[in-house]
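Here is a short briefing on one structure. Two topics come up: the ligand site and the cysteines.

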Amino acid sequence: MDLKIQSFEEYQSKYKQSVEKPEEFWGDIAESFFWRKKWDKVLDYNFQEPNINWFVGGKLNITENALDRHLPERGNKLALIWEPNDPKERFIRWTYRELYEKVNQFANALKAQGIGKGDRVAIYMPMIPELTVAVLACARIGAVHSVVFAGFSAHALADRINDAQCKMVITADGLNRGAKQIPLKRVVNEAAEHCDCIEKIIVYDRLGWAPQMKEGRDVWWHDAIEGMSKECEAEVMDSEDMLFILYTSGSTGKPKGVVHTCGGYMVYTSYSFQNVFQVGESDVYWCTADVGWITGHSYIVYGPLISGATTMMFEGVPTYPDAGRFWQVCDKHGVNQFYTAPTAIRSLMSFGEDHVLSYSLDSLKVLGSVGEPINEEAWRWYHIHVGKERCPVVDTWWQTETGGIMISGLGAHSPQKPAHAGYPLPGIQPVLLNQEGEEIQENEVEGYLAVKYPWPSMLRTTYGDHERCRVTYFSHYDGYYFTGDGAKRDENGMYRIIGRVDDVINVSGHRFGTAEIENAINMNDHVVESAVVGYPHPVKGQGIYAYVICETLPETEEQEDILRAEIVETVVEEIGKIAKPEKIQFVPGLPKTRSGKIMRRILRKVAEGEPDKLGDTSTLLDPTVVETIVATAL
Ligand code: PRX
């Protein structure tokens, strides 16, 4: 059960073994999980179709690994701590036995509402413990969960529900986020008008509101669980049965449903969790992400619980009621491992050190970072003021598609270098490719980051469109999984992630495709065409800069402001507040080549404030457009 590597030397030897004999390596690790039936073959794959199968023929239920098998020795150990948005509200602590009972009870409720193996269930919930219960209850009965971050709009939610043909939505009346309250059920009602597939909606009563409930379709959570047994036989799943779908953005317009399966995801999330965070038996581990993203799936819910750890969930935001909230929570619950995003660190840095210096933070042992490159200044602030220079910072590089952490330090057992994710985890074989798609062997180089051998938690397909999965990830470079990131490797072989090399913008650690935002902007009646690029933003990492052509160019500043507000509103309706463009520049035309392709390189340079570095513009259809764009840049 304890899969932790204890030193850098051990890491090096394990890494070597994992590359030389990968099947033996993963087979040994998989032995420490509970399988209803052992696998016949560890791995069967090709990257061409792609067709990837781990622990072939194995049978299991991931919740028996996350719950049942802990009961004999850890039944009374805390599985989950929940800290509410409002520090004055009482927190919740559930033991493994309590969580087990709640999951089983809700699993029975799902069955009673007509959900069975293979059915898709959308989960659109606040960061409350019932979200974890809902996720695990789906897994218990073999239903496929599709968690949608509760900041997405009704349109975005409806698209995701329809794409996966979800039969059910699990939601709440509303949620708390800082000083705000957001009416979730109202959003779900609006989405449901466009989704014929929805048969049932279960609603958790978080705020005591009285949302509109539709007779025959909508059921309160408390009514659904009433009288349900706290024992529910786990559905026996094949290793390669679908566990969940999670939508993420890519270079093209429509978000895609990344599919993860049961066996490999279980093995890898637990193995990586134990090794990266080095969590001890009595430790309290806290990841501040939302379960709506992959980080929450793998490192709030599955990884920690499968490993028998105590995981904390936080309903609130870093700055409410003040910028000391994270540190107050660390002291309050004696947090030992703390995992957050660079954007949160940069935002807290801007409030000064006083907030963090008012707390002891004595319990902290390991600090983690995820979601985007962490700049050196933020790394040092985190290391010095939060970690008091005694806690290693693990900078964890991975993606929705990778399912688990790929490149990272392992607690205190790896060399530290600011802004460097470091070395690959055992079993992970990253490579840097040049323009021609050839592997660059030496160090002190830069290239496209790809992976040349499968790992257990990698995506298997994109829901309903396998060809899209092949084209997006496996067709750029034959025989490799392509990440979409660029990276450097230093003289010691440590990796530093530079950022996306495709049309994906990373705003506060959230991924958006430029085309996705452009489509949303173009929905506004005044807009003829738009082009979106990312630009460096001091807190968000990247901000969204939109160039917009309107039917009639606004003449006054006032008109411009009104139009901007309308366009922002359209984006909020189409996607959600998280995708708001930071800057909107009205332009008479866009820099296009003769074949009609927008030259984003030019727009990026203007947005970055470097109009003197535009490069060659002679191939443009109308080079004078660029002069106007530069002259009116924001
Ligand atoms: O560009 C990389 C960046 O986030 C992308 C993946 O986004 P998403 O699927 O939303 O998952 C985020 C959480 C795992 C990557 O392609 N990214 C993630 N972690 C890091 C990072 N960039 C640099 N350093 C990281 N530690």
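The points below cover the ligand shell first and the cysteines second. The model is predicted. The ligand has 17 residues around it, and the protein covers 96% of the 540 Å² of accessible area that the ligand has on its own. The disulfide count is zero.

**Ligand shell**
- The closest residues to the ligand are Asp 395, Thr 400, Asp 485, Arg 500 and Arg 511.
- By class, the shell around the ligand holds six nonpolar, six polar and five charged residues.
- Helix H11 (294-306), strand E20 (393-396) and strand E25 (495-500) each contribute at least two residues to this shell.

**Polar contacts to the ligand**
- Thr 400 places a polar side-chain atom 2.6 Å from an oxygen atom of the ligand.
- Thr 396 uses its backbone: a polar atom there is 2.8 Å from a nitrogen atom of the ligand.
- Asn 506 has a side-chain N or O atom 3.4 Å from an oxygen atom of the ligand.

**Cysteines**
- A disulfide is a covalent bond between the sulfur atoms of two cysteines.
- Why is Cys 138 without such a bond? The closest cysteine sulfur belongs to Cys 166 and is 9.5 Å away, which is too far.
- Cys 138 is also buried, at a relative accessible area of 0%.
- Cys 287 is in no disulfide either. The nearest cysteine sulfur, in Cys 330, is 12 Å away.
- Cys 287 is buried, with a relative accessible area of 1%.

Conventions. Residues are numbered from 1 along each chain as its sequence is written. This is a predicted model: local features need pLDDT of at least 70, side-chain atom pairs count only at pLDDT 80 or more; totals for chains, interfaces and linings use all residues. Side-chain values use heavy atoms; hydrogens and water are left out. A residue is near a molecule or strand if one of its heavy atoms lies within 4 Å of it. A polar contact is a pair of N or O atoms within 3.5 Å; within protein, one must be able to donate a hydrogen and the other to accept it, and residues adjacent in sequence count only if both atoms are side-chain atoms. Accessible areas come from the Shrake-Rupley method with a 1.4 Å probe; for residues, only the protein chains shown count as cover. Helices (H or I, at least four residues) and strands (E, at least two) are DSSP runs, numbered from the N terminus. Ala, Val, Leu, Ile, Met, Phe, Trp, Tyr, Cys and Pro count as nonpolar, Asp, Glu, Lys and Arg as charged, and the others, Gly among them, as polar. A disulfide is a pair of cysteine sulfur atoms within 2.5 Å. Buried means under 20% relative accessible area, exposed over 50%, partly exposed in between (1.4 Å probe, protein chains only).
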